[in-house]
Amino acid sequence: MNKLVGAIKVVARHSPWLYQRLARLYPYATAVVGLIHGRRGSLEHLKSTWSLLFKTSRIFGRPINITIEPTNLCNLRCPVCETGANELGRVGGNMSFADFKLIIDKVALHTNTLLFYFMGEPFLNTHAYEMIRYAKDSGVPFITSCTNGDVVNPEKLVACGLDEISFQIGGMTQETHEIYRVNSRLARVLKNLEETLRLRREKGISMRVVCGFILMRHNEHEVEIFKRRMALLGVDEAIVVDPCVRTVEQGIAYLPHEQTRWIYDPVAFAQGRLNPKYLPDNNCSWIYYSLTIQVNGDVVPCCRDPKGDEVMGNLLIQNLDEVWNGTHYRNFRDRINNDQGHVDICRLCSSYPASKVA
């Protein structure tokens with residue numbers, strides 16, 4: 001796989017046009033390589049690709065990329081986030097360990113990647129570390145999670161079987177950090193990050209540790225400081241996260257001056273409209289390989305449905321095949337493939353590529 005990635009990088013330097021087309025094929029190439037090496041979900045990926053090519057509403061493969069929401073509660077009040085702004089419109093709570101196990105038992109056999117987070121701080125769930133361990137012991141190859149870093153327990157984190165953790169910060173000083181990360185203490189987050197890295201080294205754990213810097217107007221001057229600090233700490237990757245907003249008013253308040261970091265169309269924004277730079281036209285690869293499970297077991301198509309407007313079924317009372325190829329999901333795929341412009345959850349989406357096989 002590393003040789004494949006290296007070859008694609010060589011092509012990128014010499015032929016950007018060809019690289020763009022190869023990049024689109026990359027997820028499918030990983031599925032072929034994964035099938036050769038017996039990686040979980042590879043055959044399902046290839047079968048789903050057949051469905052994608054012909055835009056069928058019934059998908060031949062099962063989803064390989066699963067998002068589970070262990071909680072939709074958060075200790076912070078980030079103003080753009082529906083949870084932080086108290087605009088989620090769903091009953092708040094934690095998923096029970098029993099419900100999590102029930103769901104994992106239904107999806108794990110074909111799951112290649114598990115995203116253990118959605119609309120809440122995952123480690124507020126007191127069973128979070130047990131849940132991750134259960135999923136890992138069920139054979140899920142790659143499990144990743146995201147945290148605001150305030151409540152995470154570094155010792156439990158490095159011991160639970162997680163393959164990747166991403167800490168997300170809002171600035172390099174308390175003053176800039178708390179403008180968006182309302183109620184968070186930067187010193188505590190960085191201490192937890194440092195302790196996680198120390199314990200990882202001490203125990204020889206292979207978990208990947210990432211730190212994301214949520215780029216906004218008030219902290220854009222701190223990007224280089226962030227990169228230098230993360231290099232000194234020894235994180236595996238320091239990512240500058242392009243910000244997302246829900247309204248023009250939020251855009252005025254938070255989008256950075258450098259418009260190349262926007263995922264929105266600057267011309268439309270200047271005219272008072274919030275549009276993605278690229279608006280998908282009756283096309284979404286992501287929904288052929290992935291699904292999102294909310295805290296109560298409801299299944300929604302993707303992360304663009306935090307409020308649960310497009311519920312496809314419920315995995316606490318239905319099996320995976322009933323939901324994945326049920327009437328709601330098949331009708332939804334037909335809407336995406338024929339009339340995506342009227343699907344509200346797609347309005348601010350710049351599209352997501354097909355899931356690759358880890």
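**Close-up views of a predicted model**

N183 is exposed, with a relative accessible area of 51%. The model shown in these views is a predicted one.

**Figure 1. Two asparagine residues, N183 and N86, have positive phi values.** N183 lies in the loop that runs between helix α7 (174-180) and helix α8 (186-203). Its phi is near 85°, a positive value in a residue other than glycine. With a relative accessible area of 51%, N183 counts as exposed because the cut-off for that class is over 50%. N86 is found in the loop between β1 and α4. The phi of N86 is positive as well, at about 60°, although N86 is not a glycine. N86 is also exposed, with a relative accessibility of 73%. As background to this view, most residues other than glycine have a negative phi.

**Figure 2. C78 is a buried residue in a loop.** The loop in question lies between strand β1 (65-68) and helix α4 (97-107). C78 has a relative accessible area of 4%, and it is classed as buried because this value is under 20%. When its neighbours within four places in sequence are left aside, C78 is in contact with G84, A85, Y180 and R181. The view also includes E178, which is 100 residues away from C78 along the chain. The C-alpha atoms of C78 and E178 are separated by 8.9 Å.

**Figure 3. S285 is a buried loop residue shown together with S48.** The loop that holds S285 lies between α11 (266-270) and β7 (290-293). The relative accessible area of S285 is 15%, so the residue counts as buried under the cut-off of 20%. Along the chain, S285 and S48 are 237 residues apart. In the model, a separation of 9.8 Å lies between their C-alpha atoms.

**Figure 4. F100 and F116 form an edge-to-face pair of aromatic rings.** The structure holds nine aromatic pairs. In the pair shown here, the ring centres of F100 and F116 are 5.9 Å apart and the ring planes stand at 85°, so the arrangement is edge-to-face. F100 belongs to helix α4 and F116 to strand β2 (residues 113-116), so the pair ties together parts that are 16 residues apart in sequence. Both of these phenylalanine residues are buried. Ring pairs also join F100 and F116 with F123 and Y129 in a cluster.

**Figure 5. Charged side chains lie over aromatic rings at F97 and W324.** At the first site, K101 lies over the face of F97, at 4.9 Å from the ring centre. At the second site, the ring belongs to W324, and the charged end of R333 sits over it. The distance from the charged end of R333 to the centre of the W324 ring is 4.6 Å.

**Figure 6. The largest cavity encloses about 110 Å³ of space.** Rolling a probe the size of a water molecule over the atoms shows where empty space is left. The count of cavities of 30 Å³ or more comes to one. The lining of the largest cavity is made up of 15 residues. Those that lie nearest its centre are C284, C302, Q340, C346 and C349. By residue class, the lining divides into 11 nonpolar residues, three polar residues and one charged residue.

Definitions and conventions:
Residues are numbered from 1 along each chain as its sequence is written. This is a predicted model: local features need pLDDT of at least 70, side-chain atom pairs count only at pLDDT 80 or more; totals for chains, interfaces and linings use all residues. Side-chain values use heavy atoms; hydrogens and water are left out. Helices (H or I, at least four residues) and strands (E, at least two) are DSSP runs, numbered from the N terminus. Buried means under 20% relative accessible area, exposed over 50%, partly exposed in between (1.4 Å probe, protein chains only). Contact means heavy atoms within 4.5 Å. On a 1 Å grid over the protein atoms alone, a cavity is a set of points where a 1.4 Å probe fits but cannot get out, and a pocket is an open set with protein on both sides within 12 Å along at least five of seven lines; lining residues have an atom within 4 Å of a point. Grid points are joined across faces, edges and corners, and a volume is the space filled by probe spheres set on the points. Ala, Val, Leu, Ile, Met, Phe, Trp, Tyr, Cys and Pro count as nonpolar, Asp, Glu, Lys and Arg as charged, and the others, Gly among them, as polar. Rings of Phe, Tyr and Trp (its six-membered ring) pair if their centres lie within 6.5 Å; planes under 30 degrees apart count as stacked, over 60 as edge-to-face and the rest as tilted. A charge sits over a ring if NZ of Lys or CZ of Arg is within 6 Å of the ring centre and within 35 degrees of the ring normal.
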